[in-house]
Amino acid sequence: MKYSVNLKKRKKYDVVVVGGGTAGASAALSSARNGSKTFLVERLPFVGGTSTAVLDTFYGYYTPGKHSKKIVGGIPDEVVAGLKKWNSWLERPNTHGAGTAVTYNPEYLKVVWEELLTEAGVDILLNAQVVDVIATDDKHITGLVLAMKNGLEFVEADYFVDASGDADICHFVGFGYELAGVDEPAQTLTTTFKMVNVNIDKRYSIKKEEMFRLMEQAAESGQYKLPRRDGSDHITPVGNMTATIMTRLDSFDKDEAGNIINATDAGLLSTAEIEGRKQSMEYIKFLIDKVPGYEHASLSSFGYQIGIRETRRIYGLYRLTKEDVLSAKKFDDQIGVCGAPIEDHHGGQGTHWVYLPDGEVCGIPYRTLVPVDSTNLLVAGRCFSATHDAHASVRSMGQTMAMGQAAGLAISMAAKEKCSVKKVNVQGLRQALKDAGAVVDIEDENNG
Ligand SMILES: Cc1cc2nc3c(=O)[nH]c(=O)nc-3n(C[C@H](O)[C@H](O)[C@H](O)COP(=O)(O)OP(=O)(O)OC[C@H]3O[C@@H](n4cnc5c(N)ncnc54)[C@H](O)[C@@H]3O)c2cc1C
């Protein structure tokens with residue numbers, strides 16, 4: 001064992017969930033509600049991950065296109081109900097892009113997540129990062145090493161969910177994964193920012209295409225450094241405030257030995273955080289100078305951290321592919337569905353979109369949450385088992401919540417049965433998810 005027995009030991013849990021993003025928060029909630037003593041460890045000072053630290057819009061709740069269907073339920077609905085209580089929610093109907101958006105004020109969302117989790121009895125530890133695992137030789141995990149201001153501590157559990165987004169626990173224990181950027185270019189990074197004092201009516205006097213033309217023109221003039229020419233801004237539930245997804249930064253590089261490094265590398269991330277704010281200033285200058293409605297606007301805030309789309313994707317019992325997504329494939333063990341297009345933010349000036357047939361969805365198999373070598377750990381969220389393209393569809397937050405709800409329930413079922421995650425009664429899991437309001441199956445025909 002690498003660590004001395006002197007590490008301070010916390011109390012033991014049935015289930016530890018690592019990472020409190022949309023996937024991890026949903027997993028912890030689901031596990032605790034099923035009766036397991038559940039501990040949620042999050043390195044940030046709040047829960048929500050990308051949903052509260054970077055963004056303000058849920059996609060994946062609806063299929064895009066003319067025949068839009070609602071395709072998530074359960075926890076995603078409870079989260080929206082919580083936001084509605086604070087009147088901090090709006091739907092932005094959309095037949096293109098990723099479909100109808102659910103936009104919220106992330107400050108309220110932090111509180112909504114906290115209320116749901118504490119009501120369910122989840123023990124939450126913020127400002128604590130898992131930095132290693134304790135495991136047997138056959139990769140059965142027995143505990144996690146936590147790093148905090150007061151040093152290292154140790155927490156034991158019988159079962160674990162890796163919802164770190166970056167598959168940190170799988171990395172530490174030695175499970176197989178694909179490092180984004182090695183086989184295919186990894187999706188780019190984005191620093192988000194919000195603008196206040198925007199004249200919204202004036203802003204929407206021009207359409208998206210005109211906005212892109214202005215961006216292109218400004219970039220071509222050489223006066224503004226705007227690498228992405230189809231960046232977007234949108235209204236928020238806060239008056240005269242817009243939020244943006246505009247900047248674009250490389251998410252992988254090579255180290256001195258020629259190995260690929262990506263957004264799990266603190267050095268690469270440090271450079272990207274600084275460069276992301278610098279690039280944002282170019283877009284802010286462009287908006288104020290060139291876009292109607294922004295004449296008197298000002299920067300309100302940057303995202304708490306840079307937005308990371310993909311880093312490590314585990315090798316699971318099944319690997320979801322582009323063909324599965326685009327053919328709207330269904331699976332006997334699916335625990336949720338996805339209708340979002342493949343949305344690839346590559347390194348060029350635009351964004352690549354590929355759609356499923358209108359109104360259709362593909363299934364998300366339980367096996368994509370089960371690392372090949374795992375006995376007592378599931379993953380949930382953006383580190384699930386998928387190729388680069390399939391991931392570019394299924395990473396929307398409606399789906400990461402659905403995966404989290406399923407993984408939390410499944411791990412709790414495994415904990416009660418004291419069985420391997422490979423032996424979970426998947427049809428029982430699917431029924432229990434349906435009973436909890438989740439959308440697990442959906443008919444193929446359009447509902448017009
Ligand atoms: C710029 C950008 C724009 C996007 N736009 C949209 C959009 O508009 N709508 C949409 O639905 N989706 C969007 N996505 C995709 C979506 O936001 C993500 O795929 C999703 O939020 C991932 O959720 P997650 O819970 O899997 O991971 P994360 O949200 O990344 O959560 C992981 C959590 O784990 C914590 N963590 C990590 N490592 C450790 C550790 N070792 N110990 C303890 N805690 C740890 C992190 O702090 C974090 O809170 C976007 C993504 C990006 C980056």
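These legends accompany several close-up views of a predicted model.

**View 1. The two domains and the contact between them.** Welcome to the overall layout of this predicted structure. The protein chain is split into domain 1, made of 8-184 + 310-435, and domain 2, covering 193-302. Domain 1 is thus written as two stretches of the chain, with domain 2 numbered between them. If you mark the C-alpha centres of domain 1 and domain 2, you will find them 27 Å apart. To the contact, domain 1 gives 26 residues and domain 2 gives 20 residues. Between them, domain 1 and domain 2 bury about 1,700 Å², and 55% of this area is on carbon and sulfur atoms.

**View 2. Helix 3 against helix 4.** Here we turn to helix 3 (residues 75-85) and helix 4 (residues 106-119), whose axes come within 9 Å and cross at roughly 125°. The two helices, helix 3 and helix 4, are therefore oblique to each other, and their crossing is right-handed. From helix 3, the contact takes in Ile75, Glu78, Val79, Gly82, Leu83 and Lys85, while helix 4 offers Tyr108, Leu109, Val112, Trp113, Glu115 and Leu116. Sorted by type, the residues of this contact of helix 3 with helix 4 are eight nonpolar, one polar and three charged.

**View 3. Helix 3 against helix 11.** Stay with helix 3 and look for its meeting with helix 11: the axes come within 9 Å and cross at roughly 120°. Helix 3 and helix 11 are therefore oblique to each other. Ile75, Pro76 and Val79 are the helix 3 residues here, and they meet Gly398, Met401 and Gln405 of helix 11. The residues of this contact of helix 3 with helix 11 comprise four nonpolar, two polar and no charged. Ile75 and Val79 may look familiar, as both also take part in the contact of helix 3 with helix 4.

**View 4. Helix 11 against helix 12.** Next, follow helix 11 (residues 397-417) to helix 12 (residues 426-435); their axes come within 10 Å and cross at roughly 125°. Helix 11 and helix 12 are therefore oblique to each other, and they cross in a right-handed sense. On the helix 11 side you can pick out Gln405, Ala406, Leu409, Ala410 and Met413, which meet Gly428, Leu429, Ala432 and Leu433 on the helix 12 side. Seven nonpolar, two polar and no charged residues make up this contact of helix 11 with helix 12. Gln405 of helix 11 also appears in the contact with helix 3.

**View 5. Thr321 and its partners from farther along the chain.** The last close-up is centred on Thr321, found in the loop between strand 18 (312-314) and helix 9 (322-326). Thr321 and Ala386 are 65 residues apart in sequence, yet their C-alpha atoms are 6.1 Å apart in space. Which residues is Thr321 in contact with, leaving aside its neighbours within four places in sequence? They are Thr387 and Ala390.

Definitions and conventions. Residues are numbered from 1 along each chain as its sequence is written. This is a predicted model: local features need pLDDT of at least 70, side-chain atom pairs count only at pLDDT 80 or more; totals for chains, interfaces and linings use all residues. Side-chain values use heavy atoms; hydrogens and water are left out. Axes are lines fitted to C-alpha atoms, for helices over the stretch in contact, and angles run from 0 to 180 degrees between N-to-C directions. Helices (H or I, at least four residues) and strands (E, at least two) are DSSP runs, numbered from the N terminus. Angles under 35 degrees count as roughly parallel, over 145 as roughly antiparallel, 65 to 115 as roughly perpendicular and the rest as oblique. A crossing is left-handed if the near helix is turned anticlockwise from the far one by less than a right angle, and right-handed if clockwise. Contact means heavy atoms within 4.5 Å. Ala, Val, Leu, Ile, Met, Phe, Trp, Tyr, Cys and Pro count as nonpolar, Asp, Glu, Lys and Arg as charged, and the others, Gly among them, as polar. Domain bounds come from an automatic or database domain assignment. Buried area is the accessible area (1.4 Å probe) that two parts lose on being put together, summed over both.
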